[in-house]
Amino acid sequence: MRLLVIFSLFIFSKGLSARNPGIRLQITQKWINIVNNVAADLVSKNVKTMKITTQTGSGINVNYELNNIKIGRFQLGKTSISRYSGNSLRWTAEGINLDIDGLFQYKYSRFFEKYSDKGSFTVNFSTMSFKIIIQLGTDSKGKPTVRASQCFPSSGPIKYVFHGGKDWIIKLFAENAIQAIHLQIQKNFCGIFKVLVEKNAQSIISNVKVQIPVGNSMIVDYRLISSPSVSTNYLEVYFKGSVLWRNSQSEAPYSAPSFPYNYYTTKMAYVAVSDYVFNTMLYQAYRHNMIGMNITSTNIGYRKSMLNTTCSDNCIGKLIPQISKSFPNCSVELHIKSTKQPITNIGSIVSVTAEGNISVYVREMDNSLHYLFRVSAVGGSKVIPRLNNGILYGQLARSEIQINVTDSVVGAIDEKALKFLEDDILTPYLTPMVSGLCKRGFPLPIMDNFQFVQPELKLKKNAILIETNLKYIPRSGKSTVLRFLPKEEI
């Protein structure tokens, strides 16, 4: 790969052993509250279609049946999602009121007394509440998981009225029949919550991509390094964020630095991207000899005449006359190779530094190549980060190269010739190519159908902090946990 990789692979181009994550996602209570509202909406919709099976049984001298049981009035009450433990959440629904209606019939027989009758009944379950424990984890592939580990129902007073029949016979079975319905309703509620978490919610978070290609040779490892954690202010997810070589996938020999603490909670989510992510990319590129290029008259475009050894205007042969004398009417080539892994630093600015050698050759008409001299090069670029549709981009602010002669077989090299190499050949050739790579972007590990809304970027020590609200747009024709959420509410 070309030398521009030295200055631009880190610029946002597209094993769970890391001590610190490369990317940290923090979800605030503001987003959790929206998820809570959506969950409450879904629970209400499912409860209204809840099926309650026919209840049959027997009491003292009586057999009964309660059938055609339907949900009447339903009020969910107050709901909330809060921290339960370091790796779990608690979803609470309080003040639930539920009315059901149904039909009954019974047959009573004692000695020679026989009665049968039928009628209707109504039941009010007041001040019911549920607490659901949602366990957060990670699977064998490093993807997040959620499951409803426990469901705790409780109820207040139960009121019921039977219309028709003999009161003294109804009293023989009513309490047991209503309690059976009560237990079924509690079981059904817990079942609704479990489906909501383990099917709907899990289907969404399973869309997290744990491996994203970067070019043709590398991938970003976005596996979770641990189960998501729950603190007072955040639900936090830690992604490895290491770039690997696609075929060998060996780790970079260093760990990610610690993230600076985030005190902000006004947005729905905060994404911190460590410079570790970009440095592991540069490590892989350097280790696999991708950082290097040749500048010749065939790839320098309209500036190719500047590499001539003979000219009437301005070329390298005029500035280094000994080359023109020994190799007239030839062309010079620059062979560039990195001598050290480039390093990305994020602080008050985003910058990268690199070191390499530039070996200068002359190619004669017979295609033979002759070594002339070598210079050491130190390069640096400064980039302004940008974000669009979940892709982290860079805008090139400045790029510099400094070179010094370290070896020569053609004698002393004039400083004007070195300045010519820097200003008229290297910089004009590399800068637009680096700027072009900035526009490719580095993909972040967001779930399908989520969008950043009004994101803001801040530079912290060793990290880029993205502050953003979130928007969920369901796929057309697909049912998901958020399908009832109006877009404008997010």
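Is helix α5 largely enclosed by the rest of the structure or largely open, and how many of its 13 residues are buried? In this predicted model, 11 of the 13 residues of α5 are buried, so the rest of the structure largely encloses the helix. The buried ones include Y276, F278, M281, L282 and Y283. From first C-alpha to last, α5 reaches 18 Å, close to the 18 Å expected at 1.5 Å a residue.

**The sheet beside the helix**

So what does α5 sit against? Let's look at the sheet. It is an open one with 6 strands in the order β15-β16-β17-β18-β19-β20, and the pairing is antiparallel. The edges belong to β15 (292-295) and β20 (442-443); each has a single partner strand, so one side of each is left without a neighbour in the sheet. Helix α5 (residues 275-287) packs on this sheet and touches β16 (331-346), β17 (350-363), β19 and β20. Compare directions and you'll find that α5 makes about 145° with β16.

Now zoom in on one pair of strands. β18 (residues 369-388) and β19 (residues 391-408) run antiparallel and are joined by 16 bridges. To pick out one partnership, R374 has D407 in β19 as its bridge partner. As a bit of background, strands of a sheet pair through backbone hydrogen bonds, either parallel or antiparallel.

**A hairpin**

Another antiparallel pair is β6 (residues 113-138) with β7 (residues 144-154), held by 10 bridges. Here T138 is partnered with P144 in β7. The two strands form a hairpin with 5 residues between them, and G142 in the turn has a positive phi of about 85°.

**Helix α4 and its kink**

Time for some quick arithmetic on α4 (residues 174-205). At 1.5 Å a residue, its 32 residues should span 46 Å, and the end C-alpha atoms are 45 Å apart, which agrees. The helix also has a kink of about 25°, centred on L196.

**Salt bridges**

How many salt bridges does a search of the whole structure find? The count is 11. Three of them are set out here, with the N to O distance for each.

| Pair | N to O distance |
|---|---|
| K267 and E456 | 3.2 Å |
| E355 and K340 | 3.6 Å |
| E400 and R398 | 3.3 Å |

Take K267 and E456, whose side chains meet in a salt bridge. K267 lies in the loop between β13 (242-245) and β14 (269-274), while E456 is in strand β21 (residues 450-460), so the pair ties together parts that are 189 residues apart in sequence. K267 has a relative accessible area of 11%, which makes it buried because the cut-off is under 20%. E456, at 39%, is partly exposed.

Next come E355 and K340, also joined by a salt bridge. E355 lies in strand β17 and K340 in strand β16, so this pair ties together parts that are 15 residues apart in sequence. Both strands are ones that α5 touches. E355 counts as partly exposed at 33% relative accessibility, and K340 is partly exposed too, at 45%.

In the third pair, E400 and R398, E400 is partly exposed with a relative accessible area of 42%. R398 counts as partly exposed at 41%. Some salt bridges share partners as well: they join D221, R223, K240 and E251 into one network.

Note on methods
Residues are numbered from 1 along each chain as its sequence is written. This is a predicted model: local features need pLDDT of at least 70, side-chain atom pairs count only at pLDDT 80 or more; totals for chains, interfaces and linings use all residues. Side-chain values use heavy atoms; hydrogens and water are left out. Two strands pair if DSSP finds at least two bridges between them. Helices (H or I, at least four residues) and strands (E, at least two) are DSSP runs, numbered from the N terminus. Contact means heavy atoms within 4.5 Å. Axes are lines fitted to C-alpha atoms, for helices over the stretch in contact, and angles run from 0 to 180 degrees between N-to-C directions. The expected span of a helix is 1.5 Å times one less than its number of residues. The bend at a residue is the angle between axes fitted to the seven residues ending there and the seven starting there. A salt bridge is a side-chain nitrogen of Lys or Arg within 4 Å of a carboxyl oxygen of Asp or Glu. Buried means under 20% relative accessible area, exposed over 50%, partly exposed in between (1.4 Å probe, protein chains only).
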